[in-house]
There are 4 protein chains.
Amino acid sequence: MRAVQAHPDLELQVVLGASALLDRYGAVANLVRADGFEPNAEVHMLIEGETPTTMAKSTGLGLLELPTIFGRLAPDFVLTVGDRFETMATALAAAYMNIPLAHTMGGEVSGTIDESIRHAVTKFAHVHFAASEDAGERIVRLGERPEDVHVVGCPRIDLVAEVLAKDGELPEQAEMFREGVGDTFDLSKPFLLVSQHPVTTEYGSGKAQIAETLKAVSEIELPAIVLWPNPDAGSEDIAAGIRRWREKGWAENMHFFKNLPIETYVRLMRHAACLVGNSSSGIREGAYIGTPVVNIGSRQQRRMSGTNVLHAPHDAAAIRQAIDRQLEHGRYPMEAIYGEGNAGEKIAAILSHKTVSTQKLITY
Amino acid sequence: MRAVQAHPDLELQVVLGASALLDRYGAVANLVRADGFEPNAEVHMLIEGETPTTMAKSTGLGLLELPTIFGRLAPDFVLTVGDRFETMATALAAAYMNIPLAHTMGGEVSGTIDESIRHAVTKFAHVHFAASEDAGERIVRLGERPEDVHVVGCPRIDLVAEVLAKDGELPEQAEMFREGVGDTFDLSKPFLLVSQHPVTTEYGSGKAQIAETLKAVSEIELPAIVLWPNPDAGSEDIAAGIRRWREKGWAENMHFFKNLPIETYVRLMRHAACLVGNSSSGIREGAYIGTPVVNIGSRQQRRMSGTNVLHAPHDAAAIRQAIDRQLEHGRYPMEAIYGEGNAGEKIAAILSHKTVSTQKLITY
Amino acid sequence: MRAVQAHPDLELQVVLGASALLDRYGAVANLVRADGFEPNAEVHMLIEGETPTTMAKSTGLGLLELPTIFGRLAPDFVLTVGDRFETMATALAAAYMNIPLAHTMGGEVSGTIDESIRHAVTKFAHVHFAASEDAGERIVRLGERPEDVHVVGCPRIDLVAEVLAKDGELPEQAEMFREGVGDTFDLSKPFLLVSQHPVTTEYGSGKAQIAETLKAVSEIELPAIVLWPNPDAGSEDIAAGIRRWREKGWAENMHFFKNLPIETYVRLMRHAACLVGNSSSGIREGAYIGTPVVNIGSRQQRRMSGTNVLHAPHDAAAIRQAIDRQLEHGRYPMEAIYGEGNAGEKIAAILSHKTVSTQKLITY
Amino acid sequence: MRAVQAHPDLELQVVLGASALLDRYGAVANLVRADGFEPNAEVHMLIEGETPTTMAKSTGLGLLELPTIFGRLAPDFVLTVGDRFETMATALAAAYMNIPLAHTMGGEVSGTIDESIRHAVTKFAHVHFAASEDAGERIVRLGERPEDVHVVGCPRIDLVAEVLAKDGELPEQAEMFREGVGDTFDLSKPFLLVSQHPVTTEYGSGKAQIAETLKAVSEIELPAIVLWPNPDAGSEDIAAGIRRWREKGWAENMHFFKNLPIETYVRLMRHAACLVGNSSSGIREGAYIGTPVVNIGSRQQRRMSGTNVLHAPHDAAAIRQAIDRQLEHGRYPMEAIYGEGNAGEKIAAILSHKTVSTQKLITY
């Protein structure tokens, strides 16, 4: 958003929707405004329930309203990000309306419904901003024209680079612990970072899955910062698992956050002894930051990862063992496999002169 | 539907929506009921306007309601067809809800937004029933597992084969002309069949496009049966072009139908001197029936076709020339490139024992 | 809209939706723009079908999107008109969002679902602009505070007065007949004007009802200008009835219009020998213009009418008899029972200083 | 539901939607099933946010889906309850579809948007089941036909009567405190019951309002059972106020419940020293049970209440003073102003033979 705004030939328009508008998920809208961006439209589209049913319906709701908004804003490009379920609404609205669609983070491989969404969005997108060479090649194999595939790195790495360049120090502890709930502890000593999201294609298993993770983390006997899950189908399951853990009184030395400012999160990754869970940030930002990561289960299945990642199944013993290995190893050297921190600028530069044909055609 | 119903291990459930419920588009629901199928659910989801905006919103509306319906019906498979815009709602609802998705007619190539929709649905589908070898191979190249791709032919050919086997004669003329509007004429003499739909990615050009076609058809001086367009974005344009033609008094020897029973349509294709327009039926059913076809513009662009098809741009002179060549040539021999008329049975047989993994994974 | 725009202390915002955006219903959006108003938002919300089911769903669709729009526009008042089904969406969106709601044409009595809608909107409205003393009193009896009920006349009469003041002559005949379909005739000789809409609470009877009317009109042997029905549940029935009449070749000396510019319509009312049907314009504008009216069936049941109205049931003989009586009588003197042509100014003046309490409370 | 199910001439159909399906609000669907009712349809329609905007949109979502469901179930009557925002969706869907609408608890007076909703639903309803004579008379004054207004009492009183008849004893303490969060205490000693909901028309004030209440309750120094608010616009405000109270460590001797089985709630009301807040249960069930009630603010403004209710503004000192007066007074004698516990039977009996005219007409 900053790079587009800064480019002399581009005008930025921002549409906020879904969890970005909700306190329950950290009120991203407020963070966006605090960063100096005024949204051009806001659309409440998240239907309560966090089941596969409501995930589908919420996408439908987005697809009902976004056309009205796109019709008013009349953008030259709609840019959509990654593979969350609402991304599909953005992609369909733009493509059906003959508005050129740009897509970041396509071509990667993972588990959960995101895997299907990501590749389907690729089939609607007119311009592809791949985060890695590997991903770029996969987009071409999917039948996209090579001249429309631009390997620019991941925009999330831009932020990481910026934060680390400015000040990679630990967040101010007292201030940070004022938010969230749970125990507080000394961040200057080793701690774990836990971030585990539901796998929609394994809906119903989340409570058991998070229990294995929390069990392993508890046994390690390091304090832990634990993040609540994303609003995907099944997040209520994981939340229930976390709440149960807390109610049992087992959450000693754990502190829980709904959402953290990205700056804070990056600094925590910079200093955490190990990141545990299935967040893509472990694979992606982790490689750049050099964070030791234990990645659990199928969610990041086959996503290209650096040497900083160990994989474990949903099994407390295996997870614990992997964490132990990471603690022994310590931090990793930086690997720029998801870009070097200038994706935004590259994207803005390309969009400023890119012309596309509305009609797509598979290359084979 | 017949094959599924007839299979001892399968139970058929039918959900009707969109234009199938509307008189304006021929009340397919009534035809379905007349064929002995009782729909398990009906959902009005077509938002008026036939613009790119309403096409997107109608899909959103479908995606809002289908999850409620799928939740109630709890099917083992959802089967969706082809590449119409509403297909996307069906595909997303099923895939997001972890209901295995079967897809027919994937892997083909065409123009219009259908091209993107078709391949995106492939990325959500768990089982693929390709209509041709060519299409099956393309699905595999898109990263689908070969064991989930079944080349069974096109179910629409099944109906064609059935109709031709039973009675390939001309429809009863007086009865047929009781429907629709316009002049009547003698079907036993040479006549043209015209079926032209909007190209959503060329939205706004429909009126000029159909004018070229009607001009060419008029100049040929054969009577013509003309079908109204599908409810895609831009169909109002084509309809306006047709209405203008009629109001100008230029529609001599033309008869216009909103929709024809499939039997009638097949018999007309069997006897028409030439099918003109951009309907996929020319490519698909046309190859099997041996109908001479003049395919116009980009809509069926690159869709695998038999020898029976000549291509022409949206230009009256070029269209006329192509029709003349087809009239000279006459009927073609049957080419079974889209199957041999037993796709339904094959699909039913495969679905009856197929097991799939909810979690999809690209093969490369 | 003109009066609000002209008022120094008010800013006009316009939201267009439903049939106003559709060619099928005369593309009111184009007329609005031609009048110099630029809509602040447009929302496609009409679901095809024109059944009771789609009428309800279309209202739901409006209620889904209007809150997003109202949130962006942040008006001080939302003004909604009358008793059409979409009015309910506007009223609910505003009232639920604590935006003061102003309502015109409340307090009247009629048939069809409009009767319930009108009074329900009154229960949500914070300011009431009644068109007649009678209606104003009824609003007070419904438990509204007398100080919030303003009898200002009907804004539609403002337009009538303006048109008549400027030029009450017949529309230019050749130009007018260029639109629509059907026979043309000499407007300077006696002609009928027919406008009949569906009665949603008698859904399914529309085809028979319009047949009685057209039969009576045919027997009168005067040429007739016939308007297509509004997009309410059942309008397809009436349209089918009209189409059948035309296809049978019985529509001699009839010309059919989807919609007429309000100026043209008023001038036609000024000169028509009789207005036949169930449009509220007969009761309302008719009283002011002095048009002889035959009002048919329950739709305007009990709506306060002037001496210019004769009532008839859905029976060709009775309708014919009533038309004959009106032809004998000729034009009526003007009765200003629905205002004197300055409602807009009065409304703007009141809105410019009105303050309301968000919390409504019934007065008894 | 029990009375309808038990009646030989009636068939019960149940549609569950909105918060009834959500764990966050106590998963009423599970309670319904536990009571032996199998829902005929379930519809997720609550859009996250609990703002005036999402309250409107959720109603729109209900109005989009209920017509499909009502079309399938084809009921002879739709019965809707009271004045919650979703009630409007049910009422509109039924009335627009010409399905006779029955309404309980109409004709009462309150604050919040409920006041407008309740009377608007009355204007759509064909049969009115008033809970009190007073309410019945108000319905008639609203222009409804006296023969369609039946004063039957409040169905909620039926349940109260049933519970008290069976066993009015305190709930089993250990079991009850296993749910919810917070301190536990001895129910056999005096305790307070707190139930405070948002006032949508005072959106934004909820956090301050609940703070006054909790302050007063704390100062009284009796233990308290506190219920989380309903999912209305503003409930997040009240929830935030409660969470803040807890986080500050001020919630000593308080236990918090999302929802309580109705039996448990009635028994608590039977034994509570005082019910504090703005729940209609204080006015309604409270009169029958004889619970001392301190009703706060405008939400139950002017709702007919018995001698058991003292009113207080949102002011901790005033609330405390009123609670003190109630503690001094103790329990009240039963007042059957909202019925005698047989409303269900009466409703079922009337519905079994009631015929209505689809077309409503105001009586004046």
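Reader: How many residues of chain D are in contact with chain A?

Author: In this predicted model, 12 residues of chain D are in contact with 12 residues of chain A. Contact is judged from the C-beta atoms, placed from the backbone, which must lie within 7 Å.

Reader: Which helix of chain D gives the most to the side that touches chain A?

Author: That is helix α3, residues 52–73 of chain D, which gives three residues to the side touching chain A. By character, the residues on this side of chain D comprise four nonpolar, four polar and four charged.

Reader: Which domains does the assignment give for chain A?

Author: A domain may be written as more than one stretch of a chain, as domain 1 of chain A shows with 2–152 + 342–353. Domain 2 of chain A covers 161–329. Between the C-alpha centres of these two domains of chain A there are 26 Å.

Reader: How many residues of domain 1 of chain A are in contact with domain 2 of chain A?

Author: There are 19 residues of domain 1 of chain A in contact with 20 residues of domain 2 of chain A. On the domain 1 side, they divide into eight nonpolar, seven polar and four charged.

Reader: By what turn and shift can chain B be laid on chain A?

Author: A turn of 180° with a shift of 0.0 Å along the axis lays chain B on chain A, with an RMSD of 0.0 Å. This relation is therefore that of a two-fold axis. The same surface serves both copies, since 100% of the contact residues of chain B recur in chain A.

Notes
Residues are numbered from 1 along each chain as its sequence is written. Chains are lettered from A and ligands numbered from 1 in the order in which they are written. This is a predicted model: local features need pLDDT of at least 70, side-chain atom pairs count only at pLDDT 80 or more; totals for chains, interfaces and linings use all residues. Two residues are in contact if their C-beta atoms, placed from the backbone, lie within 7 Å. Helices (H or I, at least four residues) and strands (E, at least two) are DSSP runs, numbered from the N terminus. Ala, Val, Leu, Ile, Met, Phe, Trp, Tyr, Cys and Pro count as nonpolar, Asp, Glu, Lys and Arg as charged, and the others, Gly among them, as polar. Domain bounds come from an automatic or database domain assignment. Copies are superposed by least squares on the C-alpha atoms of residues with pLDDT of at least 70 in both.
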